[in-house]
Amino acid sequence: MAALPVLALLLLAAWGGPGAAGQKRKEMVLSEKVNQLMEWASKRSVIRMNGDKFRRLVKAPPRNYSVIVMFTALQPHRQCVVCKQADEEYQILANSWRYSSAFTNKIFFAMVDFDEGSDVFQMLNMNSAPTFINFPAKGKPKRGDTYELQVRGFAAEQLARWVADRTDVNIRVIRPPNYAGPLMLGLLLAVIGGLVYLRGSNLDFLYNKTGWALAALCFVLAMTSGQMWNHIRGPPYAHKNPHTGQVNYIHGSSQAQFVAETHIVLLFNGGVTLGMVLLHEAATSDMDVGKRKIMCIAGIGLVVVFFSWLLSVFRSKYHGYPYRYVLI
């Protein structure tokens with residue numbers, strides 16, 4: 001009878017042995033993965049991965065950490081300008097996390113370049129770059145784990161908000177110091193000071209209505225074209241289709257825009273404004289009738305052409321808009 005407890009313990013050990021060994025093996029593999037990622041992260045905030053590293057450290061279980069992966073194409077022959085711009089913002093975000101006091105092994109930042117991991121692109125059926133995907137600690141990526149680049153832009157602050165939403169990790173973005181602003185302000189003050197010194201007591205140029213009108217007009221055109229939105233959201237300059245090579249300068253959605261699009265709208269608004277100025281001068285100036293007719297015709301032509309182009313841009317973004325001016 002005394003041998004029964006011993007026999008029961010042996011049977012329990014025999015039954016629980018493989019399970020315990022398997023659990024221990026998983027813990028060892030997980031520990032090796034985390035140690036490897038921590039070692040790489042200590043050297044470089046964004047870990048570069050090829051197909052083998054991606055499959056082993058990101059796709060394969062076990063994993064108790066999230067990995068934010070940027071799929072990109074940075075090689076010069078790919079001519080992906082947006083990829084380079086997005087990479088700069090991504091590096092800022094990763095550095096902000098790596099050198100913060102809250103840094104842990106809960107989340108890592110990685111990158112897969114097409115020329116180093118084309119098999120990963122094929123495995124994920126990915127046909128565009130740059131693309132940001134969060135691979136959560138548990139399960140597979142869901143719809144929200146793919147970053148909406150065309151809507152949000154690739155500014156580090158926008159990426160940080162998305163990361164916080166998907167991983168509950170809040171990253172305070174710290175940008176490297178930018179001395180361009182203070183230098184431009186100093187240059188502007190130097191120019192103003194030099195003008196005041198050269199003109200002496202003659203400050204009539206400060207009361208020049210034409211100069212102030214041009215400055216105000218430039219400011220209004222810049223704001224109405226969407227420059228402030230670019231500054232806040234950090235959208236790409238344009239989008240190049242990786243398959244056809246076609247470059248789109250106008251975003252197809254009313255919820256986003258490209259930088260090139262704002263430049264185009266700025267040019268069109270400027271053309272309409274110039275046409276209106278010519279029409280006003282033709283009606284109020286003291287020039288002879290022939291010149292005034294020429295100015296009137298030129299003004300009407302500018303308004304018709306550029307306003308029609310503005311409407312065509314509007315129609316391409318707001319699908320189904322029924323109105324047009326003259327030109328498509």
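**Notebook: a buried aspartate, two cores and a short strand**

I started with Asp 113, which lies in strand S3. I kept in mind that the model is predicted.

**Asp 113**

Is Asp 113 buried or exposed? I found it buried. I then looked for a salt bridge and Asp 113 has none. The nearest side chain of opposite charge belongs to Arg 48, and I read 4.3 Å for that distance. A salt bridge needs the nitrogen within 4 Å of a carboxyl oxygen, so I did not count a pair at 4.3 Å.

Which backbone atom does the side chain of Asp 113 reach? I noted the backbone nitrogen of Asp 115, at 3.0 Å.

Next I listed the contacts of Asp 113, leaving out residues up to four places away in sequence. They are Arg 48, Thr 72, Ala 73, Leu 74, Gln 75 and Phe 121. Arg 48 thus appears among the residues touched, although it makes no salt bridge with Asp 113.

**The cores**

I turned to the largest nonpolar core, which has 29 residues. Which members touch the most others? I wrote down Tyr 90, Leu 93, Phe 109, Phe 132 and Val 163. Four elements give two or more residues to this core: strand S2 (66–72), helix H3 (81–98), strand S3 (107–113) and helix H6 (156–167). H3 gives the most, with eight residues.

I picked Leu 93 for a closer look. Setting aside neighbours within four places in sequence, I found Leu 93 in contact with Phe 109, Ala 156, Leu 159, Ala 160, Val 163, Ile 171 and Val 173. Two of the core's best-connected members, Phe 109 and Val 163, are in that list.

There is also a second, separate core, of 22 residues. Its members include Ala 41, Val 67, Val 69 and Phe 121. I had already met Phe 121 as a contact of Asp 113.

**Val 247**

I checked strand S6, residues 247–248, where Val 247 is found. How exposed is Val 247? I noted a relative accessible area of 33%, so Val 247 counts as partly exposed. Beyond residues up to four places away in sequence, Val 247 touches Ala 238, His 239 and Lys 240.

**Whole protein**

I closed with the totals. I counted eleven helices and six strands. Of the 328 residues, 33% count as buried. Among contacts with a separation of 6 or more, 65% come from residues 24 or more positions apart. The protein exposes about 20500 Å². Carbon and sulfur atoms supply 63% of that area.

Technical notes
Residues are numbered from 1 along each chain as its sequence is written. This is a predicted model: local features need pLDDT of at least 70, side-chain atom pairs count only at pLDDT 80 or more; totals for chains, interfaces and linings use all residues. Side-chain values use heavy atoms; hydrogens and water are left out. A nonpolar core is a set of buried Ala, Val, Leu, Ile, Met, Phe, Trp, Tyr and Cys residues joined through side-chain atoms within 4.5 Å. Buried means under 20% relative accessible area, exposed over 50%, partly exposed in between (1.4 Å probe, protein chains only). Contact means heavy atoms within 4.5 Å. Accessible areas come from the Shrake-Rupley method with a 1.4 Å probe; for residues, only the protein chains shown count as cover. Lys and Arg count as positive and Asp and Glu as negative; His and the chain ends are not counted. A polar contact is a pair of N or O atoms within 3.5 Å; within protein, one must be able to donate a hydrogen and the other to accept it, and residues adjacent in sequence count only if both atoms are side-chain atoms.
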